[in-house]
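Grab a coffee and open the viewer: here are some exercises to work through, each with a solution that goes step by step. Have a go at each one before reading on.

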Number of protein chains: 4
Amino acid sequence: MKVWEIGEAFGLENLREVQREVPTPGHGEVLLKMKAASLNFRDLLMVKGMYNPRQPLPLVPCSDGVGVVESCGEGVSSLKAGDRVIPCFAPDWSSGEPTRDKLRTTLGGPLDGTLSEYMVVPEQSVVMAPEYLSDEECATLPCAGLTAWSALVTHYGLKAGDVVLAQGTGGVSLFALQIAKAHGAEVIMTSSSDEKLERVKEMGASHGINYRDVEQWGKAVRKLKPLGVDHVIEVGGADTLEQSLRAVKFGGHISMIGVLSGTLSKVNLIPILMQNLRIQGIIVGHKEAFESMNKAFATHQIRPVISDSFGWSELPDAFALMEKGGHFGKIVISF
Amino acid sequence: MKVWEIGEAFGLENLREVQREVPTPGHGEVLLKMKAASLNFRDLLMVKGMYNPRQPLPLVPCSDGVGVVESCGEGVSSLKAGDRVIPCFAPDWSSGEPTRDKLRTTLGGPLDGTLSEYMVVPEQSVVMAPEYLSDEECATLPCAGLTAWSALVTHYGLKAGDVVLAQGTGGVSLFALQIAKAHGAEVIMTSSSDEKLERVKEMGASHGINYRDVEQWGKAVRKLKPLGVDHVIEVGGADTLEQSLRAVKFGGHISMIGVLSGTLSKVNLIPILMQNLRIQGIIVGHKEAFESMNKAFATHQIRPVISDSFGWSELPDAFALMEKGGHFGKIVISF
Amino acid sequence: MKVWEIGEAFGLENLREVQREVPTPGHGEVLLKMKAASLNFRDLLMVKGMYNPRQPLPLVPCSDGVGVVESCGEGVSSLKAGDRVIPCFAPDWSSGEPTRDKLRTTLGGPLDGTLSEYMVVPEQSVVMAPEYLSDEECATLPCAGLTAWSALVTHYGLKAGDVVLAQGTGGVSLFALQIAKAHGAEVIMTSSSDEKLERVKEMGASHGINYRDVEQWGKAVRKLKPLGVDHVIEVGGADTLEQSLRAVKFGGHISMIGVLSGTLSKVNLIPILMQNLRIQGIIVGHKEAFESMNKAFATHQIRPVISDSFGWSELPDAFALMEKGGHFGKIVISF
Amino acid sequence: MKVWEIGEAFGLENLREVQREVPTPGHGEVLLKMKAASLNFRDLLMVKGMYNPRQPLPLVPCSDGVGVVESCGEGVSSLKAGDRVIPCFAPDWSSGEPTRDKLRTTLGGPLDGTLSEYMVVPEQSVVMAPEYLSDEECATLPCAGLTAWSALVTHYGLKAGDVVLAQGTGGVSLFALQIAKAHGAEVIMTSSSDEKLERVKEMGASHGINYRDVEQWGKAVRKLKPLGVDHVIEVGGADTLEQSLRAVKFGGHISMIGVLSGTLSKVNLIPILMQNLRIQGIIVGHKEAFESMNKAFATHQIRPVISDSFGWSELPDAFALMEKGGHFGKIVISF
């Protein structure tokens, strides 16, 4: 079978297509014929050696994808050949509290990921792919979708009438928009592009703020919502946290999800304690939440937003686009 | 001023219109010129002496209504003349846990209620009336609306994709339908009338079950949802609880709200413990939840369903209709 | 190996000791040499055919026990020979929400239980036995201990200063006493024996009520705590629920755990809704909670209360004692 | 009457004792004869103009104290002369979610505080003083005690077996120790003094870490608890947060309470998101939690730790001691 791997060293230039033997599913495992994968910013960092410099190589990158059960190992009872399924980012986290152990064996590092023609996974570590979604759409759900769901639902308990602010128009933020709208919340989005702000408004955002025009966008939020927003989906990290702290209401919540703009932040701690704020780190989510999300998505026939779709051999172009930025939604690879 | 009161004895026949002096607002109180009121089943029971036989008479019945601030007592700072406001069912329950003390002083018994041309209430015990709603619509919110909200949001944390079952087409159940839909949930309704089931489907219910046709409607629910529903809005009491216990999923929730069909139920306790069920009694809700609900309603421009509207002098007809049943939504009195 | 089984028909007289072949652990499974077991009321009902009359026979009864890993099947990574472990009542419920599927495969019915010299279980379905406890003590934890923990901690969030009422002096109630005390709560116990009430006071209960003397013990509780108790551990069912509803505070919680006195109860539904009560059915609990409980028990060196200890061949005597009642704490079988 | 006030300008040198007229309680208000007060770090910052430089002067400093009802204004129903009561830090926050409005009118700035012979407060804004505590002990509860309770109980749901780390031996941390112990948790404390560490061990801490000896005390915590602690009481701010992030377990909680060592922190955001951490700002708490805390304290006869007690005229010495540091527990002023 063919796989993409990070070869002898980190770096986009070291991504290479190689042949490996098709693996055999062991007890309780299934062999998947993969159909599509999607890229997350984590995957880019992983390829470049910035996520975990001590990750042994070679490694098949990417955690997200969808496949069809080709064959089942001994003792498999919940799946059969032909089932279309989505592997979980964290195969050992079925439900309950996150622990180091449950998050130790994630796909796309340290375990081999989804950019592989075939893949063996434990039967317990997959969810059924929503029937109404295409392969490409299914491939976007495991990290970006579930992260937004965990932030807004599992860790927050979003309710109708809440106001959510999501930064940018990457995968997590667009899923956050869709999930928040499905729960009857109002959504404010930021972007550096007026065109993209138009698109999120078409998707249901009530307001768009162009942070090129308004550097202090936290203040701009306060003009729209004098008391501040209930929840911020913080994907920027170092440079945006200060504005998020301004945008959020007294007693509000910030989901710390990404660090696109840097990891070391000079945070003014005063608002956190004086305004009773909560900052909750979000590391994807568990399988039970994934299934809840899929149920909600199916109820509303929510379709993930796909920015760009690449063929198997175009993987380097896909990563190049992610690095360049400017996409709107998810970047997918169709096998 | 004119008021309706339960006179010397309980009974619909003892409802009488009388004159009282317009009260003067004391410190921290406001005088409201009432514009509309709405009836709850509790009010009917109260009039008939079945809610609290020891309630001293005369009593101005009804807890729900809306009015305009006519004048403010000393020390009032949050309201001014002309503000349109809705008195809370439990004036002493601003937020937090329910306690006997907080629920001791409810309107429409033991305190005089809303069927009064003027009314004095503490400024802290009202919420601003949503601007987009008519007087009649506002008058429906304090009990029926807030009860449904407390059941689904405060005590349950409803999320998109959940399945809610609501019984009948009374005020609470129609609000439950609207609130559940606003949160992205799916709703199943029961009724004895196909025509009403058509109407709830138009409002967004996914399924209607006519319990005349299907006495064992719990089983009918299981045909639609083999695992059962997540949440039941139980308004019937004695006779319907058995079906609710069949309809709800393993680990599911039942909000015990009303006892239309009786108060003493032969409940089979086994499913409760063996299926890890939760039964949560709901007694309206607090002011902070009322404000959250109004925010959500405004976001979605939700309009309460008014079944029948009566004039001031037609109160006996209004109660007669409530007793007869068959209405769809709230019965209101316009002053 | 020798096992106890319910033979050709239900009934205590049909319990028989037989020989079976020692099973071989499959992939991901371990073979345990069992050391001790404990009885629950469920086991008695099961033997008598009252728990599940359709349970196929023969069946090895009892869900609770402790054993030592004798050998490991292929692929076992978390356990090794010599580890002393406790099998979980519900092997498929590692954490998260309870579901029908997770509770389908419980020990002692439908699956064979712990009254077996050797036993094969999935490695994921056991917890490490607390080192400071004897085999007999460990054997008491899986149902009675975890049920009390789930009721008070998982589903309630017990805090210091809360007042808990627990009925009787069976296993669950004594564990509830110990768990409540460990969390700084105050505990009131009921019993029909003054001597037993003395013993629970020695264990830290602040009050004991003899329900022989005070049939309306709900009122007696109100004399001690005029506002009512925060939480009731309800193990009696039909006959005691009425008193529990009187004893609990406005807005309080009742954990519905057992039905010792019957399953069909004429419940007055009014207090549930008018006092905002919660009734939560409890069906043991998940492995993650089991581990949390063991951590708490170890911190406090809590020792389960063993009423009577029987040898392997004395099983019928053990069940006879359980049927007769009058024990104080758990009945165990030492192998 | 005599009061201490921050006079014409900020600064410890501008604290002055002056005479004011005894105020008269208005409607719903009570006049308290104050008996004792206690100092918080916030009060020191306030006096020095570092808490709110725009605070109008003169201001009576300090939010914490206890008094006896001297007389009641009109309409007061819940209190009578002679009642010993403790004013709440935030008189408008009876319960529920924190909001800017509820936290706008706190004692000791912007409102006059407790260093006053007499004081008028709304009857709704006080809690009954626990009978078993001295005036001085009562005076320590409103901020330091309630902050620790809110962090561990309201916002976290502490349970037996949890491991809590509290920094230093100031008021909040010692209350956290007592509250955590009352809930059956294990406590690790840090200090720069071995002698103080001995004292916290006598109070029940299981471990003490001298951060003079072990600068990287986060690592020292990991030696004791390889998986990390469940909860950190963070009072240091800028300089200690890094160590707290190391000490806390995957998925753990940090209560952000103080900023003794600075407000602008270079925080590495990575562990927050990668380890699913929660940072929760804590700004004291509401009256309902205060009453719960007092109930728990009474159940356990918990006595606040008083470091130093000063007479009325020794206030400058008291603030000087707070500034110098080195105290163990609360600094109180006895009137």
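**Exercise 1. A proline and its peptide bond**

In which loop of chain A is A:P58 found? Then work out the geometry of the bond before that proline, and check chain C too.

*Solution.* Keep in mind that this is a predicted model.

- Step 1: A:P58 sits in the loop between α1 (41–47) and β4 (64–72) of chain A.
- Step 2: Look at the bond joining A:L57 and A:P58: that peptide bond is cis, with omega about 0 degrees.
- Step 3: Now go to chain C, where the bond from C:L57 to C:P58 is cis as well, with omega near 0 degrees. C:P58 is placed in the loop between α1 (41–47) and β4 (64–72) of chain C.

**Exercise 2. A valine with a positive phi**

Find the loop that holds A:V284, then decide whether A:V284 is buried or exposed.

*Solution.*

- Step 1: A:V284 belongs to the loop between β14 (278–281) and α9 (287–300) of chain A.
- Step 2: Check the backbone: phi of A:V284 is near 60 degrees, a positive value in a residue other than glycine.
- Step 3: Count neighbours. The cut-off for buried is 20 or more other C-beta atoms within 10 Å. A:V284 has 26 C-beta neighbours inside 10 Å, so this residue counts as buried.
- Step 4: Try chain B. B:V284 lies in the loop between β14 (278–281) and α9 (287–300) of chain B, and its phi is near 60 degrees. With 26 C-beta neighbours inside 10 Å, B:V284 is buried too.

**Exercise 3. Two helices that meet**

At what angle do α3 (residues 141–154) and α9 of chain A pack, and which residues make the contact?

*Solution.*

- Step 1: The angle between α3(A) and α9(A) is about 90 degrees, and their axes are 10 Å apart.
- Step 2: Angles of 65 to 115 degrees count as roughly perpendicular, so α3(A) is roughly perpendicular to α9(A).
- Step 3: From α3(A) come A:G145, A:L146, A:W149, A:S150 and A:T154, while α9(A) brings A:A289, A:F290 and A:M293.
- Step 4: Sort this contact by class and you get 5 nonpolar, 3 polar and no charged residues.

**Exercise 4. Where chain B meets chain C**

How many residues does each chain put into the contact between chain B and chain C, and which element of chain B gives the most?

*Solution.*

- Step 1: The contact takes 33 residues from chain B and 33 residues from chain C.
- Step 2: On the chain B side, β13(B) gives the most, with 5 residues.
- Step 3: That side of chain B divides into 19 nonpolar, 10 polar and 4 charged residues.
- Step 4: Follow β13(B) across: this strand pairs with β13 (residues 264–268) of chain C in the antiparallel sense over 5 bridges. For one bridge, take B:S265, whose partner in β13(C) is C:V267.

**Exercise 5. A sheet shared by two chains**

Which strands are the edges of the open sheet that runs through chains B and C, and how do β14(B) and β14(C) pair?

*Solution.*

- Step 1: Trace the 12 strands in order: β10(B)-β9(B)-β8(B)-β11(B)-β12(B)-β14(B)-β14(C)-β12(C)-β11(C)-β8(C)-β9(C)-β10(C), with mixed pairing.
- Step 2: The edges are β10 (207–210) of chain B and β10 (207–210) of chain C, each pairing on one side only.
- Step 3: Direction ignored, neighbouring strands of this sheet are turned by 15 degrees against each other on average.
- Step 4: β14(B) and β14(C) (residues 278–281) pair in the antiparallel sense over 3 bridges. Here B:R278 has C:Q280 as its bridge partner.
- Step 5: Add a helix: α4 (residues 171–182) of chain B packs on the sheet, touching β8 (163–167), β9 (186–191) and β11 (229–234) of chain B.

**Exercise 6. Chain C and chain D**

What turn lays chain C on chain D, and which residue of chain C comes closest to the rotation axis?

*Solution.*

- Step 1: A turn of 180 degrees, with a shift of 0.0 Å along the axis, lays chain C on chain D with an RMSD of 0.0 Å. That is the relation of a two-fold axis.
- Step 2: C:H183 comes closest to the axis among the residues of chain C, at 2.1 Å (C-alpha).
- Step 3: In the contact, 14 residues of chain C meet 14 residues of chain D. Helix α9 (residues 287–300) of chain C supplies the largest share of the chain C side, 5 residues.
- Step 4: By class, that side of chain C has 4 nonpolar, 7 polar and 3 charged residues.

How values were computed
Residues numbered from 1 in each chain as written. Chains lettered and ligands numbered in written order. Predicted model: local features only at pLDDT ≥ 70, side-chain atom pairs only at ≥ 80, totals over all residues. Helix = DSSP H or I, 4+ residues; strand = E, 2+ residues; numbered from the N terminus. Buried ≥ 20, exposed ≤ 12 C-beta atoms within 10 Å, placed from the backbone. Least-squares fit on C-alpha atoms with pLDDT ≥ 70 in both. Contact = placed C-beta atoms within 7 Å. Nonpolar A, V, L, I, M, F, W, Y, C, P; charged D, E, K, R; others polar. Pairing = 2+ DSSP bridges. Axes fitted to C-alpha atoms, helices over the stretch in contact; angles between N-to-C directions. Parallel < 35°, antiparallel > 145°, perpendicular 65-115°, else oblique.
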